[in-house]
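Trainee: Got a minute to go through this one with me? I'd like to talk about the rings, the core and the pocket.

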Amino acid sequence: QYPQDDDLPSQYRIDDYIKNSGFQHGHILPQTERTFSYDANKQTNYMTNMQPQYGQFNGYDDKDNSHTGLWLLMENKVQKLANNLGSTDTLFICKGGTIQEGQVLMKIKDKMIVPKYFFMAVLKKSSTGYHAFGFWAPHLSEYVSANVDLKQYAMSIDELEKKTGLDFFCNLPDDVEKSVESKFYPLYFGF
C-alpha cells in the first residue's frame, strides 16, 4: 500500500513500522493536495512523506462533528489560505514532526520516531511583499473542539525556529528573511 521512495538509497529505507502500532500513517503533504497527476498523488504515499500520528490528531470524530484533529484543522487553515491566493501570489510551506532529543514521544520497535510535536512554517509572497507564520502543535491523542482558536498555536517564524532548531526560508535575502521571520500579523492570516 505504501511504495518505497526510489529516490531514497536502499540502506536508508525502513520497513513499515507504523502498521499495527496504534498510530496512523500521517501524511506530511496530504494526498488531496496532489491530484493533478497519478504519479504526483502516488508520491504522497511514500513512507518518506509520513510520520506516525495519532488518529485523533490527524482525523475527525465521525461520531461527533464538533470535535476533530488539531493537525487536520491546521492543514485546513493552510489549504484555505492557498485557495484564496491571488493569481500572482505564492504560498511556501514547510511541515514536519520533531525528531530531536527531548521532542520525541516514543520509538516504535526502537526505530521509528514518533514526534512529540508537529510544525508548519508558512510563507506567503504577494504583491504586498512577504508575510509568514508558524504553527507548533503538541501531538495530541484526543480530538479538539472543531472551533478551537488556532491562534494559540501560531507564532512568528523566529519563535518556531527556536523550538525546532531549523532555519526556515533561508534562501530569502537576509534583510527580507530577518524582517519577515521576526513578525507575525494574526489578522493578515485571518486569526
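Mentor: Sure. One term before we start: a charge sits over a ring if NZ of Lys or CZ of Arg is within 6 Å of the ring centre and within 35 degrees of the ring normal. Keep in mind that this is a predicted model.

Trainee: Okay, so which residue lies over the face of Phe-191?

Mentor: That's Lys-77, at 4.6 Å from the ring centre of Phe-191.

Trainee: And what else is Phe-191 in contact with, leaving aside its neighbours within four places in sequence?

Mentor: Besides Lys-77, the list has Phe-133, Phe-135, Leu-150, Lys-151, Ala-154, Phe-184 and Pro-186. Ring pairs also link Phe-191 into a cluster with Phe-133, Phe-135, Phe-184, Tyr-188 and Phe-189.

Trainee: Which residues touch the most other members in the largest nonpolar core?

Mentor: Phe-191 is one of them, along with Leu-70, Met-74, Phe-133, Phe-135 and Leu-150; the core has 23 residues. The elements that supply two or more residues to this core are α3 (70-83), β7 (117-126) and β8 (129-138). α3 gives the most, with six residues.

Trainee: What about the second core, who's in there?

Mentor: That one is separate and has twelve residues, including Phe-119, Phe-169, Leu-172 and Val-180.

Trainee: Back to the rings. How many aromatic pairs are there?

Mentor: The count is 14 aromatic pairs. Take Phe-23 and Tyr-54: the ring centres are 4.8 Å apart and the planes are at 40 degrees, so this pair is tilted.

Trainee: Where do Phe-23 and Tyr-54 lie?

Mentor: Phe-23 is in the segment before β1 (24-27), and Tyr-54 is in the loop between β2 (50-53) and α2 (55-58), so the pair ties together parts that are 31 residues apart in sequence. Phe-23 is buried, too, with a relative accessible area of 10%.

Trainee: And Tyr-188 with Phe-189, what sort of aromatic pair is that?

Mentor: Edge-to-face, with 5.0 Å centre to centre and 85 degrees between the planes. Tyr-188 is partly exposed at 31% relative accessible area, whereas Phe-189 counts as buried at 3%.

Trainee: Switching topic: what volume does the largest pocket have?

Mentor: About 440 Å³. It is lined by 23 residues, and the closest to its centre are Ile-14, Met-47, Met-50, Gln-51 and Met-112.

Trainee: Which elements give two or more residues to that lining?

Mentor: β2 and β6 (112-115). The largest share comes from β2, with three residues.

Methods
Residues are numbered from 1 along each chain as its sequence is written. This is a predicted model: local features need pLDDT of at least 70, side-chain atom pairs count only at pLDDT 80 or more; totals for chains, interfaces and linings use all residues. Side-chain values use heavy atoms; hydrogens and water are left out. A nonpolar core is a set of buried Ala, Val, Leu, Ile, Met, Phe, Trp, Tyr and Cys residues joined through side-chain atoms within 4.5 Å. Buried means under 20% relative accessible area, exposed over 50%, partly exposed in between (1.4 Å probe, protein chains only). Helices (H or I, at least four residues) and strands (E, at least two) are DSSP runs, numbered from the N terminus. Contact means heavy atoms within 4.5 Å. Rings of Phe, Tyr and Trp (its six-membered ring) pair if their centres lie within 6.5 Å; planes under 30 degrees apart count as stacked, over 60 as edge-to-face and the rest as tilted. On a 1 Å grid over the protein atoms alone, a cavity is a set of points where a 1.4 Å probe fits but cannot get out, and a pocket is an open set with protein on both sides within 12 Å along at least five of seven lines; lining residues have an atom within 4 Å of a point. Grid points are joined across faces, edges and corners, and a volume is the space filled by probe spheres set on the points.
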